[in-house]
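Grab a pencil and work through the exercises below. Each one sets a task and then walks through a solution step by step.

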Amino acid sequence: MVVTFTDAEMAAIKEAGRQRNQITTDLGVQNQRIDEGTDEELNIMGVKVEKAVAMLTGSPWSAVLDTPDGGVYDMILPDGRTCQVKGRKHVPPEIGWLFMKRLWPEADIVVLGQAVPEDVNSVEILGWVTREQFRERYHMFDFGRGMGPQPAVFDHELNPIETLCELKVKPLGITAFWTG
């Protein structure tokens, strides 16, 4: 499912990503780096994917790292489950992975999104998995970034985003309108 933001929304997302980057840099937080790119680019991508998931699910969300757990999860879904959102650059589905730096997800749900080639204003939400499903489906994989083997789930093992909850935006030709 692809979510497309307006130019004004993208400007706000980029600013929020830059602010998050400054906060995480000041705190000494290290990005879970598999993609090439700067920490700022990774933070902007993270904000973009999180905002898309929040809009689709109707979840309250803030670009500021202010969840009650100190930043382990990114939002709370309307049904009360905690949600961690991961973002990445675009990769072909046959080699796509959702990976976790920690051995297991700490949130109830993990959602994966990725960039859309040739459209910087869009993000594709690929799917989701519960903490329990991640434990059942994971494979250990060394991404070659000096982190050693990491648990990961293939893209095709994720649940379709449409099954996460009742979506607040219908999946056909979504244009996201972000007002804040």
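**Exercise 1: a salt bridge between helices**

Glu40 is partly exposed, at 31% relative accessibility. Keep in mind that this is a predicted model. Your task: find which residue forms a salt bridge with Glu40, and how far apart the closest N and O atoms are.

*Solution.*

- Step 1. Start from Glu40 and look for its partner: Arg18 forms the salt bridge, with 3.6 Å between the closest N and O atoms.
- Step 2. Place the two ends. Arg18 sits in helix H1 and Glu40 in helix H2 (residues 39-57), so the pair links distant parts of the chain, 22 residues apart.
- Step 3. Check the cover on Arg18. Its relative accessibility is 37%; exposed would need over 50% and buried under 20%, so Arg18 counts as partly exposed.
- Step 4. Glu40, at 31%, lands in the partly exposed class too.

**Exercise 2: the faces of H1**

Work out which residues of H1 are buried, and why they line one face of the helix.

*Solution.*

- Step 1. Get the helix straight in your head: H1 covers residues 7-27, which makes 21 residues. From first C-alpha to last, H1 reaches 30 Å, close to the 30 Å expected at 1.5 Å a residue.
- Step 2. Pick out the buried positions: Glu9, Met10, Ile13, Ala16, Gly17, Arg20, Asn21 and Thr24.
- Step 3. Now look down the axis of H1. The buried residues fall within an arc of 150 degrees, so they line one face of the helix.
- Step 4. Turn to the other side of H1, where Asp7, Ala8 and Asp26 are exposed.
- Step 5. Finish just past the helix: Gly28 follows H1 and has a positive phi, near 75 degrees.

**Exercise 3: strand S5 and its partners**

Find which strands are joined to S5 by bridges, and say for each whether the pair runs parallel or antiparallel.

*Solution.*

- Step 1. Begin with S3 (residues 82-88). It is joined to S5 by 6 bridges, and the two strands run parallel. As a landmark, Lys86 stands opposite Leu112 in S5.
- Step 2. Go to S6, which is joined to S5 by 8 bridges in an antiparallel arrangement. Here the landmark is Gly113, standing opposite Ile125 in S6.
- Step 3. Look at how the chain gets from S5 to S6. They form a hairpin with 2 residues between them, and Glu118 in the turn has a positive phi of about 70 degrees.
- Step 4. Ask how covered S5 is. Strand S5 takes in residues 109-116, and 8 of its 8 residues are buried.
- Step 5. A reminder for reading the sheet: in a regular strand, side chains alternate between the two faces of the sheet.

**Exercise 4: around the end of S6**

Is Thr130 buried or exposed, and which residues is it in contact with, leaving aside neighbours within four places in sequence?

*Solution.*

- Step 1. Locate Thr130: it belongs to strand S6 (residues 119-130).
- Step 2. Read off the cover. Thr130 has a relative accessible area of 15%, which is under 20%, so it is buried.
- Step 3. List the contacts, with those sequence neighbours set aside: Asp108 and Ile109.
- Step 4. Follow Asp108 further. Its side chain meets that of Arg131 in a salt bridge, at 3.1 Å from N to O. This pair links distant parts of the chain, with Asp108 in the loop between strand S4 (97-99) and S5, and Arg131 in helix H3 (residues 131-137), 23 residues apart.
- Step 5. Sort the two ends by cover: Asp108 is partly exposed at 25%, whereas Arg131 is buried at 18%.

**Exercise 5: a buried salt-bridge pair**

Find the residue that forms a salt bridge with Arg88.

*Solution.*

- Step 1. The partner is Asp155, with the closest N and O atoms 2.5 Å apart.
- Step 2. Arg88 is in strand S3, while Asp155 is in the loop between strand S8 (149-154) and strand S9 (175-176), 67 residues apart.
- Step 3. Check both ends: Arg88 is buried at 8% relative accessibility, and Asp155 is buried at 10%.
- Step 4. For the wider tally, the structure holds 6 salt bridges.

Terms used:
Residues are numbered from 1 along each chain as its sequence is written. This is a predicted model: local features need pLDDT of at least 70, side-chain atom pairs count only at pLDDT 80 or more; totals for chains, interfaces and linings use all residues. Side-chain values use heavy atoms; hydrogens and water are left out. Helices (H or I, at least four residues) and strands (E, at least two) are DSSP runs, numbered from the N terminus. The expected span of a helix is 1.5 Å times one less than its number of residues. Buried means under 20% relative accessible area, exposed over 50%, partly exposed in between (1.4 Å probe, protein chains only). The arc is that of the directions from the helix axis to the C-beta atoms. Contact means heavy atoms within 4.5 Å. Two strands pair if DSSP finds at least two bridges between them. A salt bridge is a side-chain nitrogen of Lys or Arg within 4 Å of a carboxyl oxygen of Asp or Glu.
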